[in-house]
Amino acid sequence: MLESRVTDSLVPAWPAARGKSDTAAPMGEALLRVESLHKRFPVTGRRGAMLHAVDDVSLHIGAGESVGLVGESGCGKSTLVRLLARLLDPTEGRIVYAGHELADIRAVRFARTPQRAAIQMVFQDPSDSLNPRFSAREAIREPLRLLAGMSMAEADARVDEVALQVGLPLALLPRFAHQLSGGQKARVGIARALAVKPRLLILDEPTAALDVSVQAVVLQLLAQLRRELGLSYLFVSHDLNVVRLLTDRVAVMYLGKIVEVGPSEAVFRAPRHPYTQALVSAIPGQGPRIKLVGEVSSPIDPPAHVCRFHGRCPQGEDRCAREAPPLLRLGAREVACHFAQ
Amino acid sequence: MSQPALLEVRNFGLEFRTRGGVVHALEGIDLSLNKGEIVGLVGESGSGKSVLSYALLGISDRAARVTSGSAMFGGMDLLAASERDLADLRGREISMIFQSPRTALNPIRRVGQQLEDVLRRHAAAPGADLNKSLKERAVQALRDVAIADPERRLAAYPFEMSGGMCQRVMIALALACRPSLLIADEPTTGLDVTTQAAVMDLITGLARERHMATLFITHDLALAADYCDRIVVMHAGHAVESAPTKALFAAPRHPYTARLMSSSPGERSTIASLEPVPGNLPDLKRGDLPACRFAERCERTQPRCRGERPRLEAADAHGVACWHPLHEAVAVAEAAHA
């Protein structure tokens with residue numbers, strides 16, 4: 001009951017930040033800018049063969065902006081997230097955070113750079129990502145000790161502060177993960193990421209493990225925190241309805257490439273890329289569905305001149321097998337398809 | 001409807017005896033399924049939907065005790081049946097598709113072997129050609145679930161296949177003996193929306209084609225709405241509302257159902273329009289559970305709700321277990337759900 005009272009007082013009016021279009025965020029102001037990012041993994045047992053997990057991805061996230069990242073499992077969104085959180089080293093490309101080039105800093109050394117605290121991550125399932133032998137207080141305190149170099153007393157004071165911010169009752173702080181409900185664990189995961197005052201939060205399916213009623217509370221909390229703290233979000237999810245609610249812009253990935261980017265509301269209302277169209281039509285509770293036939297083509301050394309969606313695409317033509325479509329700007333949208341209007 | 005239901009659960013109660021006390025997991029559940037009907041069993045985690053389906057198959061945890069009721073399936077009470085009779089029934093007459101196919105499939109046996117195991121146990125035709133006919137039927141089972149190149153896939157291990165493909169194999173296993181009742185427990189959890197749609201199309205398509213009754217367990221109301229004829233909503237071990245899908249969405253009668261709908265992000269929701277269900281599930285170990293288990297989370301609670309359990313009348317087309325429901329029952333014909 002305590003939980004519900006706390007959250008009731010947190011239910012926000014939807015922030016005015018909504019509708020800030022991507023055209024209003026020029027490249028110069030981007031908090032995070034990714035240019036031609038590639039990540040290729042060697043394939044075991046096949047000499048020279050490379051799996052192209054992330055293939056020439058460019059993306060920017062403005063200060064205070066929330067960007068969604070959607071796509072099927074295996075499309076490379078987790079690899080992209082791990083590159084941006086600097087847990088993985090890119091093969092090629094640039095990752096520029098507030099004017100600092102991050103792509104050159106090795107992942108193993110990144111923990112000791114100041115940008116580590118500025119880019120934080122909220123992981124998918126709080127039951128798996130919280131150390132079972134840490135109390136909630138210890139879990140939230142750890143990054144403060146390691147990244148902010150705080151004394152025990154300073155860190156504890158900050159833990160109390162951030163716990164209140166995320167609506168986690170202080171009485172729950174001595175508890176271990178298994179003594180907390182799903183919603184409470186999600187709050188601990190968010191508090192832990194927020195403790196070191198990041199400017200960019202990468203949220204990897206933060207509500208996938210939660211029941212709908214708890215999910216609603218956590219989504220509202222995330223919207224409110226972003227508004228109050230002026231945070232930027234990169235929000236990864238395969239629940240498109242959730243992405244639509246929480247983001248200004250959305251990027252759709254297919255087999256390592258971004259195939260469509262644009263204002264979330266517009267992309268979901270009128271998707272332009274055939275893959276986005278199929279994805280949106282598969283959301284339950286909609287009208288007729290576009291059924292995709294055929295298998296996803298292989299991400300191992302894909303031919304550079306063929307559209308990745310060719311073979312599954314309802315509109316595919318010969319041209320799609322000869323010439324891979326580049327990501328082109330169409331108004332506020334960018335779409336990688338020869339047939340996008 | 002003079003035809004008897006395929007499955008008729010009456011006043012079913014079940015509890016778990018644990019070191020921490022007795023968990024009153026299910027109480028007074030009434031549920032019926034007709035031949036060929038697709039019924040959604042919807043509720044949040046802890047509502048008892050999986051416990052109910054496990055109990056029907058006789059695969060409950062050892063700590064489980066049936067406290068009341070019956071579950072008639074084709075003249076046989078599943079709750080009173082011997083393990084031997086149940087073993088004959090499982091996989092042949094009643095099948096189950098489990099959540100997370102990767103853990104439900106045997107990781108060290110080939111797909112073909114697993115399929116043949118089921119076929120051999122239940123439907124082996126005696127004769128010298130046993131192995132050949134088993135293989136043919138296994139191939140056919142994979143073909144039925146639209147797996148390309150089924151002959152080659154027989155030799156695959158589960159880890160060699162994608163999540164969607166594993167789920168197709170689970171479906172093939174469950175349907176290999178053409179059961180009359182299928183229980184699908186969150187069959188699409190963890191799958192992408194596009195794969196989810198393909199798997200649901202497959203299950204419901206085969207169900208319609210074979211006139212198979214399907215109990216579809218999910219926490220996703222919108223998904224249930226897309227595929228089910230009727231939906232039963234569960235909360236904390238009670239069935240709280242049962243209605244044809246269109247009627248339920250046109251006018252939910254139980255306050256919990258209504259809240260569940262308004263807390264789910266949909267096409268038209270905004271972040272402010274989401275209304276979480278207040279409070280948490282009550283602790284089912286408590287000795288002083290209110291008679292209506294939603295009473296402590298409900299805005300419409302009256303003293304009667306705590307003292308006297310509202311019953312879901314199975315005979316009603318749109319039944320609700322509530323003393324103060326939101327709407328009177330609306331005729332199905334008028335219901336217009338987009």
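Visitor: Which residue of E9(A) stands opposite A:Val67?

Guide: The residue opposite A:Val67 is A:Arg249. Please keep in mind that this is a predicted model.

Visitor: What makes strand E3 and strand E9 of chain A a pair?

Guide: A pair needs at least two bridges. Four bridges join E3(A), residues 66–70, to E9(A), residues 249–254, so the two strands count as paired. They run parallel.

Visitor: Where do E3 and E9 of chain A stand in their sheet?

Guide: The sheet is open and has eight strands, in the order E6-E7-E8-E3-E9-E10-E12-E11 of chain A, so E3(A) stands between E8(A) and E9(A). The pairing is mixed. Neighbouring strands are turned by 20 degrees against each other on average, direction ignored.

Visitor: What makes E6 and E11 of chain A edge strands?

Guide: Strand E6 (119–122) and strand E11 (328–330) of chain A each pair on one side only.

Visitor: Which helix lies across E3, E9 and E10 of chain A?

Guide: H12(A) does, and it runs at about 105 degrees to E9(A). An angle from 65 to 115 degrees counts as roughly perpendicular, so that term applies here.

Visitor: Why is H6(A) called roughly parallel to H8(A)?

Guide: The axes of helix H6 (residues 136–146) and helix H8 (residues 182–194) of chain A come within 7 Å and cross at roughly 25 degrees. Angles under 35 degrees count as roughly parallel, so H6(A) is placed in that class relative to H8(A). The crossing is right-handed.

Visitor: Which residues make the contact between H6(A) and H8(A)?

Guide: H6(A) supplies A:Ala136, A:Ala139, A:Ile140 and A:Pro143, while H8(A) supplies A:Val188, A:Ala191 and A:Arg192. By class they are six nonpolar, no polar and one charged. Arg counts as charged, so the charged residue is A:Arg192.

Visitor: Why is A:Lys197 called partly exposed?

Guide: A residue is buried with 20 or more neighbours and exposed with 12 or fewer. A:Lys197 has 14 C-beta neighbours inside 10 Å, so it falls in between. A:Lys197 lies in the loop between H8 and strand E7 (200–204) of chain A. It has a positive phi of about 55 degrees although it is not a glycine.

Visitor: Is that value expected of residues in general, or what is the rule?

Guide: Most residues other than glycine have a negative phi.

Visitor: What puts A:Glu205 in the partly exposed class?

Guide: A:Glu205 has 18 C-beta neighbours inside 10 Å, and burial would need 20 or more, so A:Glu205 counts as partly exposed. Its place is the loop between E7 and H9 of chain A. The phi of A:Glu205 is positive too, near 45 degrees.

Visitor: How do you know that B:Leu281 is buried?

Guide: B:Leu281 has 21 C-beta neighbours inside 10 Å, and the cut-off for a buried residue is 20 or more, so B:Leu281 meets it. B:Leu281 is found in the loop between H11 and helix H12 (303–307) of chain B. Neighbours within four places in sequence aside, it is in contact with B:Gly46 and B:Ala236.

Visitor: What covers the buried residues of H11(B)?

Guide: The cover includes H9 of chain A, together with H9, E9, E10 and H10 of chain B. The buried residues in H11(B) are B:Pro255, B:Tyr256, B:Thr257, B:Arg259, B:Leu260 and B:Ser263.

Visitor: How many residues of each chain are in contact with the other chain?

Guide: 32 residues of chain A are in contact with 29 residues of chain B. H9(A) gives the most to the side of chain A that touches chain B, with seven residues. That side has 19 nonpolar, nine polar and four charged residues.

Visitor: Why are E2 and E5 of chain B said to stand at the edges?

Guide: The open sheet has the order E2-E1-E4-E5 in chain B, with antiparallel pairing. E2(B) and E5(B) each have a single partner strand, so one side of each is left without a neighbour in the sheet.

Visitor: What makes E4(B) and E5(B) a pair?

Guide: Two bridges join them, and at least two are needed, so the condition is met. The two strands form a hairpin with two residues between them, and B:Gly74 in the turn has a positive phi of about 50 degrees. B:Phe73 stands opposite B:Met76 in E5(B), and B:Phe73 is also the bridge partner of B:Leu7.

Conventions
Residues are numbered from 1 along each chain as its sequence is written. Chains are lettered from A and ligands numbered from 1 in the order in which they are written. This is a predicted model: local features need pLDDT of at least 70, side-chain atom pairs count only at pLDDT 80 or more; totals for chains, interfaces and linings use all residues. Two residues are in contact if their C-beta atoms, placed from the backbone, lie within 7 Å. Axes are lines fitted to C-alpha atoms, for helices over the stretch in contact, and angles run from 0 to 180 degrees between N-to-C directions. Angles under 35 degrees count as roughly parallel, over 145 as roughly antiparallel, 65 to 115 as roughly perpendicular and the rest as oblique. A crossing is left-handed if the near helix is turned anticlockwise from the far one by less than a right angle, and right-handed if clockwise.
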